[in-house]
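Colleague: I am new to this structure and would like to look closely at a single part of it. Could you take me through the sheets and what packs around them, one step after another?

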Amino acid sequence: MAENSRIRITSDDGVGRRRSISGPQWGAVLGGSALAIYGITRRSPLGMALAAGGGTVALVAGARKRSVRPPSTWTTLLVNCSPQEAYRFWRDFENLPRFMNRLQSVTVLDDRRSRWIALGPMGRQIRWDAEITDERENESISWRSLPGSDIQVHGEVRFQEAPAGRGTLIGSKIEYTQASGMNGALAKFLSKGANFAMRQDMRRLEALMEAGEIPTTEGQPHGPRDFVTGVMRVADPTRPIAPGSNLKEVFAARRDIA
Amino acid sequence: MKAVCYMGVEKMSVETVPDPTILNPRDAIVKITSTCICGSDLHLYDGLVPTMEQGDIMGHEFMGEVVEVGPGIKPEKLKVGDRVVVPFTIACGNCFFCKKELWSLCNNSNPNYWIAEEMMGYSPSGLFGYTHMMGGYAGGQAQYARVPFADVGPMKVPEGMPDEKVVFLTDIFPTGYFGAVNADIEPGDTVAIWGCGPVGQFAIRSAFMLGAERVIAIDRFDYRLRMAQDGGAEVLNYEEVDDVVQTLKDMTGNIGPDRCIDAVGMEAHDHGLMFMMDRLKQMARIEMDRPAVLRQAIQVCRKGGTVSVPGVYAGFIDKVPMGAFMNKGLTMKTGQTHMMRYMKPLLEKIEKDEIDPSFVISHRVPIDRAPEMYKIFRDKKDNCTKVVLDPWADGARAA
């Protein structure tokens with residue numbers, strides 16, 4: 001698909017088509033999720049039962065008829081900036097950790113190569129060197145990891161001017177190639193919820209480009225939390241754990257988060 | 001600092017918590033001089049809106065003095081010492097929606113947007129002190145608050161104008177006005193307004209400002225209906241009539257009110273079998289909101305009229321007369337208020353003495369008494385219409 005002369009923001013393997021789920025199933029997923037969210041907020045045995053029941057309904061309904069196609073992280077967002085601005089921001093790879101939560105750092109080595117460090121399970125560092133494989137100014141960038149890296153990963157981003165002066169459509173994906181052994185486990189870890197993580201990352205990018213900062217409530221004051229909230233904070237998949245921390249510290253820190 | 005914290009359903013408590021700090025470049029810290037309990041806070045008090053957590057700081061109607069600004073804020077926009085009212089919606093000012101002045105739909109101010117997307121498809125803007133689904137921002141029923149994107153929302157107010165005249169620019173006055181604007185009122189129109197709480201009261205007065213000929217206000221509490229009458233409305237106590245719809249038809253020569261405003265929302269009261277069913281379903285969590293008012297509004301609205309909904313709904317409702325809505329060619333408009341459109345023009349109306357919003361206040365108390373005031377406000381005891389809290393008064397002494 002990279003050979004295509006025109007930029008295609010939506011791709012065959014992408015945009016929300018990772019599974020085929022029927023209408024009633026979506027109903028069950030949404031209804032179950034709503035029930036689960038609602039139940040979690042009840043803070044009572046009945047609420048927890050509701051949450052468990054709702055969650056199960058959502059999971060079972062969502063899990064059915066899983067397609068054989070591997071999950072893709074293709075995400076496209078409309079951002080109120082020019083393709084040039086978006087391209088320039090992304091092309092400086094050292095900007096990526098500002099909105100990609102799992103990245104700890106990216107160091108640019110030369111014009112085509114860069115060194116990436118991501119956070120794995122319990123703050124374990126995952127490293128790879130990447131090189132740009134294809135690039136069109138203000139239109140697209142593709143890159144992949146070099147041999148000798150902890151994992152195999154490749155990614156792509158496309159910038160397309162949106163119609164009617166509405167800004168730029170930014171489409172992006174990152175894929176972790178499955179391998180065996182420890183590295184395979186790491187790739188699997190990163191792939192888990194990769195679609196959701198990519199969406200979160202892209203929403204943070206949108207906020208950065210449009211508002212100049214990413215909205216947050218981390219560090220704001222709050223009254224005493226209860227145990228359930230503390231546990232939920234620790235389990236939050238959207239916040240990676242920093243390296244060198246132990247469970248107790250993580251637990252304490254997460255309880256502080258608003 | 002002191003802050004009113006949600007500690008569970010029908011459990012509010014004043015806790016001592018750390019002072020807020022600047023977290024983002026465009027933040028500001030406001031030392032709060034006046035803060036209020038909103039009718040929509042009662043939905044949280046009753047545990048009917050999902051994603052509240054124990055320890056959340058309540059409140060989204062507050063004003064005060066800027067005591068700290070982040071490095072991303074230009075001094076001509078906001079500086080330390082400015083006296084400001086803070087709108088309850090948080091907006092970045094530069095996304096697709098902010099550019100269209102759809103401020104309450106800002107795409108960048110809700111860090112927990114994905115929870116809202118799960119329930120609603122897309123996320124509205126972040127709100128102060130109004131569930132984690134709406135951002136999880138600490139609220140303003142406290143002594144200090146952190147205000148994100150402080151160069152967009154907060155509006156400076158002139159010195160010498162007392163807090164109680166301007167504090168309702170943070171939510172209920174613009175929200176009542178927005179409800180009337182959304183009703184598409186034309187000169188000569190008859191407007192029916194359900195709910196004579198603070199938002200309903202401002203909707204009544206705004207409807208007249210926008211050219212309404214008659215306003216019919218509907219409630220069940222005499223003290224609220226009297227206040228509506230003071231604002232020029234004809235009043236209807238729905239507990240004294242068998243059928244609100246028939247009564248409104250009779251009052252309008254069988255044409256129906258041209259515009260209907262639902263200033264009640266998800267916890268509507270009514271009598272009859274349908275209401276009892278709603279109540280049961282809401283208790284069993286089969287139905288999230290009770291749409292008694294919405295049903296009546298759609299049923300009685302004149303053909304080709306407009307239904308405006310400033311009242312808060314959180315989730316799903318049953319038995320909405322969609323057939324009536326479609327076949328009568330009605331229009332419905334709703335949404336959280338696009339605050340920054342209306343704050344300045346309404347401040348000018350206050351400055352010109354066209355309206356003094358402080359008429360809705362029934363209680364002025366120290367913040368320490370907030371927990372009991374939630375109950376009094378919810379149960380409509382003590383002729384309660386609006387509670388203003390003083391975060392700095394010594395509650396122990398005043399009580």
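Modeller: What follows goes through the sheet of one chain, then the strands and the core of the other, and ends with the contact between the two.

Please keep in mind throughout that this is a predicted model. Chain A has seven helices and seven strands, and from the N terminus on its elements follow the order α-α-β-α-β-β-β-β-β-β-α-α-α-α. Of the 258 residues in chain A, 31% are buried, and among the contacts in chain A with a separation of 6 or more, 53% are between residues 24 or more positions apart.

The seven strands of chain A form an open sheet with antiparallel pairing, in the order β1-β7-β6-β5-β4-β3-β2. At its edges lie β1 (75–79) and β2 (103–108) of chain A, each of which pairs on one side only. Neighbouring strands of this sheet are turned against each other by 20° on average, direction ignored. Within the sheet, strand β3 (residues 113–119) of chain A is joined by seven bridges to strand β4 (residues 125–136) of chain A, the two running antiparallel, and A:Trp116 stands opposite A:Trp128 in β4(A). Helix α3 (residues 83–91) of chain A packs on the sheet, where it touches β1, β5 (140–145), β6 (152–161) and β7 (168–177) of chain A, and the direction of this helix makes about 160° with that of β6(A). Another helix, α5(A), lies across β1 and β7 of chain A and runs at about 15° to β1(A).

In chain B, it helps to begin with strand β6 (residues 83–86), both faces of which are covered: B:Arg83 and B:Val85 on one side, and B:Val84 and B:Val86 on the other, are all buried. Strand β5 (residues 61–69) of chain B pairs with β6(B) in the antiparallel sense over four bridges; here B:Phe62 has B:Val86 as its bridge partner in β6(B), while B:Met63 stands opposite B:Val85. A further antiparallel pairing, over two bridges, links β6(B) with strand β10 (residues 155–156) of chain B, and in it B:Val85 stands opposite B:Met155. Strand β5(B) also pairs with strand β3 (residues 28–37) of chain B, again in the antiparallel sense, over eight bridges, and there B:Val30 has B:Val66 in β5(B) as its bridge partner.

Chain B also holds an open sheet of six strands with parallel pairing, in the order β13-β12-β11-β14-β15-β16. Its edge strands are β13 (234–237) and β16 (331–334) of chain B, each pairing on one side only, and the twist from one strand to the next averages 20°. Strand β11 (residues 190–194) of chain B runs parallel to strand β12 (residues 214–219) of chain B and is joined to it by five bridges, with B:Ile193 opposite B:Ala217 in β12(B). Packed on this sheet is helix α10 (residues 292–300) of chain B, which touches β11, β14 (259–262) and β15 (306–309) of chain B and whose direction makes about 180° with that of β14(B).

Some of the residues already named return in the cores. In soluble globular proteins, nonpolar side chains tend to be buried together. The largest nonpolar core here has 135 residues, and those with the most contacts inside it are B:Val4, B:Val30 and B:Ile193; helix α12 (residues 339–351) of chain B gives the most to this core, with seven residues. Leaving aside neighbours within four places in sequence, the contacts of B:Ile193 include B:Gly200, B:Ile204, B:Val215, B:Ala217 and B:Ile261. A second, separate core has 24 residues, among them A:Trp116, A:Ile126, A:Trp143 and A:Leu205.

One helix of chain B deserves a short look of its own. In α3 (residues 113–120) of chain B, B:Tyr113, B:Ile115 and B:Ala116 are buried, and seen down the axis of α3(B) its buried residues fall within an arc of 160°, so they line one face of the helix. Just after α3(B), B:Gly121 takes a positive phi of about 90°.

Finally, the contact between the chains takes 30 residues from chain A and 46 residues from chain B. On the side of chain A that touches chain B, the elements that give two or more residues are α1 (23–42) and α5 (194–211) of chain A, and by class this side has 11 nonpolar, 11 polar and eight charged residues.

Conventions:
Residues are numbered from 1 along each chain as its sequence is written. Chains are lettered from A and ligands numbered from 1 in the order in which they are written. This is a predicted model: local features need pLDDT of at least 70, side-chain atom pairs count only at pLDDT 80 or more; totals for chains, interfaces and linings use all residues. Two residues are in contact if their C-beta atoms, placed from the backbone, lie within 7 Å. Ala, Val, Leu, Ile, Met, Phe, Trp, Tyr, Cys and Pro count as nonpolar, Asp, Glu, Lys and Arg as charged, and the others, Gly among them, as polar. A residue is buried if 20 or more other C-beta atoms lie within 10 Å of its own, exposed if 12 or fewer, and partly exposed in between; C-beta atoms are placed from the backbone. The arc is that of the directions from the helix axis to the C-beta atoms. Two strands pair if DSSP finds at least two bridges between them. Axes are lines fitted to C-alpha atoms, for helices over the stretch in contact, and angles run from 0 to 180 degrees between N-to-C directions. A nonpolar core is a set of buried Ala, Val, Leu, Ile, Met, Phe, Trp, Tyr and Cys residues joined through C-beta atoms within 7 Å.
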